[in-house]
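Visitor: I'd like a close look at a single part of this one, with whatever surrounds that part. Could you walk me through it slowly?

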Amino acid sequence: MLNNILVLIRILFFYIYLIFNIVSTISSFLSEKNSSLLIGYSSFFMCSIMNNIPMSILYSNIFSYNAFPYNAIYCCIISSNIGALFTPLGALAGIMFLNIIKSFEIKNFTFKTFIKYCMPLSLILLSISFL
């Protein structure tokens with residue numbers, strides 16, 4: 001029992017170390033480039049991989065490592081909100097929407113259909129917002 005607890009603690013510390021290194025590496029890369037658009041588009045595409053709330057927490061940790069200009073932070077905020085429209089995984093509302101569609105047995109609206117309609121709109125909105 002004690003060995004299992006020690007193994008779990010080691011795994012926990014390994015994950016904390018790994019996350020710390022990933023966040024510091026991303027932070028140093030983004031601060032070297034010093035590009036608000038790079039931060040905006042990267043956070044936008046991170047919303048399509050993960051939900052927008054964990055993405056916002058990740059980027060707030062990235063911003064805490066280095067000094068970033070305010071426009072980079074604003075680009076990240078805009079990307080977090082518009083990135084939720086890119087895929088249904090971007091926000092809980094998108095996941096709930098697909099489940100509601102599925103419960104009404106609407107067969108012709110799928111994950112791919114959502115992306116087909118929302119991807120062009122979200123990219124246009126994001127590009128206009130960065131102006």
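Does Ile78 count as buried, partly exposed or exposed, going by its relative accessibility?

Guide: Bear in mind that this is a predicted model. Ile78 counts as partly exposed, because its relative accessibility is 26%, and the cut-off for buried is under 20%. Its place is in helix 4, which covers residues 70–83. Leaving aside neighbours within four places in sequence, Ile78 is in contact with Leu126, Ser129 and Phe130. Leu126 and Ser129 fall within helix 6, which spans residues 111–129.

Now look across to helix 2. The C-alpha atoms of Ile78 and Phe44 are separated by 8.5 Å, with their positions 34 residues apart along the chain. Phe44 is one of the buried residues of helix 2; in fact it counts as buried because its relative accessibility is 0%.

Helix 2 deserves a stop of its own. It runs over residues 36–49, so to speak a 14-residue stretch, and reaches 20 Å from its first C-alpha to its last, close to the 20 Å expected at 1.5 Å a residue. Its buried residues are Ser36, Ile39, Gly40, Ser43, Phe44, Cys47 and Ser48.

Take Gly40 from that list. Gly40 is found in helix 2 and counts as buried, at 0% relative accessibility. Outside its sequence neighbourhood of four places either way, Gly40 is in contact with Cys75, Ser79 and Phe130. Phe130 is a name you've met already, since it also turns up among the contacts of Ile78. For a sense of scale, Gly40 and Ser103 are 63 residues apart in sequence and 35 Å apart in space, C-alpha to C-alpha.

Ser43 sits in helix 2 too, and is buried with a relative accessible area of 0%. Beyond its neighbours within four places in sequence, Ser43 is in contact with Met55, Tyr59, Cys75, Cys76 and Ser79. Cys75 and Ser79 are on the contact list of Gly40 as well.

Tyr59 gives us a way over to helix 1. Val23 and Tyr59 are 36 residues apart in sequence, and their C-alpha atoms are 8.4 Å apart in space. Val23 is found in helix 1, which takes in residues 2–33, and is buried with a relative accessible area of 4%. With neighbours within four places set aside, Val23 is in contact with Leu58, Asn61, Ile62 and Tyr65. Helix 1 also holds Tyr15, which counts as partly exposed at 47% relative accessibility. Tyr15 is one of the residues making a nonpolar surface patch of about 750 Å², together with Val7, Leu8, Ile11, Phe14, Leu18, Ile19 and Ile22.

Back to the rings, then. A pair of aromatic rings is described by the distance of the centres and the angle of the planes. The count here comes to 7 aromatic pairs. Phe44 and Phe45 make an edge-to-face one, at 5.1 Å centre to centre and 75° between the planes. While Phe44 is buried at 0%, Phe45 is partly exposed, with a relative accessible area of 38%. Another pair, Phe97 with Phe114, is tilted: 6.3 Å centre to centre and 50° between the planes. That pair links distant parts of the chain, with Phe97 in helix 5 (residues 92–103) and Phe114 in helix 6, 17 residues apart. Phe97 counts as partly exposed at 34% relative accessibility, whereas Phe114 is buried with a relative accessible area of 9%. Ring pairs also link Phe44, Phe45 and Phe86 into a cluster.

On from there to the loop between helix 4 and helix 5, the place of Thr87. Thr87 is buried, with a relative accessible area of 6%. Apart from neighbours within four places in sequence, Thr87 is in contact with Cys47, Ser48, Phe111, Phe114 and Ile115. Two of those names, Cys47 and Ser48, are among the buried residues of helix 2, and Phe114 is the ring we just paired with Phe97.

One backbone detail to finish. Most residues other than glycine have a negative phi. Glu105 has a positive phi of about 55° although it is not a glycine. Glu105 lies in the loop between helix 5 and helix 6, and is exposed, with a relative accessible area of 62%.

Definitions and conventions:
Residues are numbered from 1 along each chain as its sequence is written. This is a predicted model: local features need pLDDT of at least 70, side-chain atom pairs count only at pLDDT 80 or more; totals for chains, interfaces and linings use all residues. Side-chain values use heavy atoms; hydrogens and water are left out. Rings of Phe, Tyr and Trp (its six-membered ring) pair if their centres lie within 6.5 Å; planes under 30 degrees apart count as stacked, over 60 as edge-to-face and the rest as tilted. Buried means under 20% relative accessible area, exposed over 50%, partly exposed in between (1.4 Å probe, protein chains only). Helices (H or I, at least four residues) and strands (E, at least two) are DSSP runs, numbered from the N terminus. The expected span of a helix is 1.5 Å times one less than its number of residues. Contact means heavy atoms within 4.5 Å. Patches are made of residues with over 30% relative accessible area and no salt bridge: like charges are joined within 9 Å, nonpolar side chains (Val, Leu, Ile, Met, Phe, Trp, Tyr) within 5 Å. Accessible areas come from the Shrake-Rupley method with a 1.4 Å probe; for residues, only the protein chains shown count as cover. A salt bridge is a side-chain nitrogen of Lys or Arg within 4 Å of a carboxyl oxygen of Asp or Glu.
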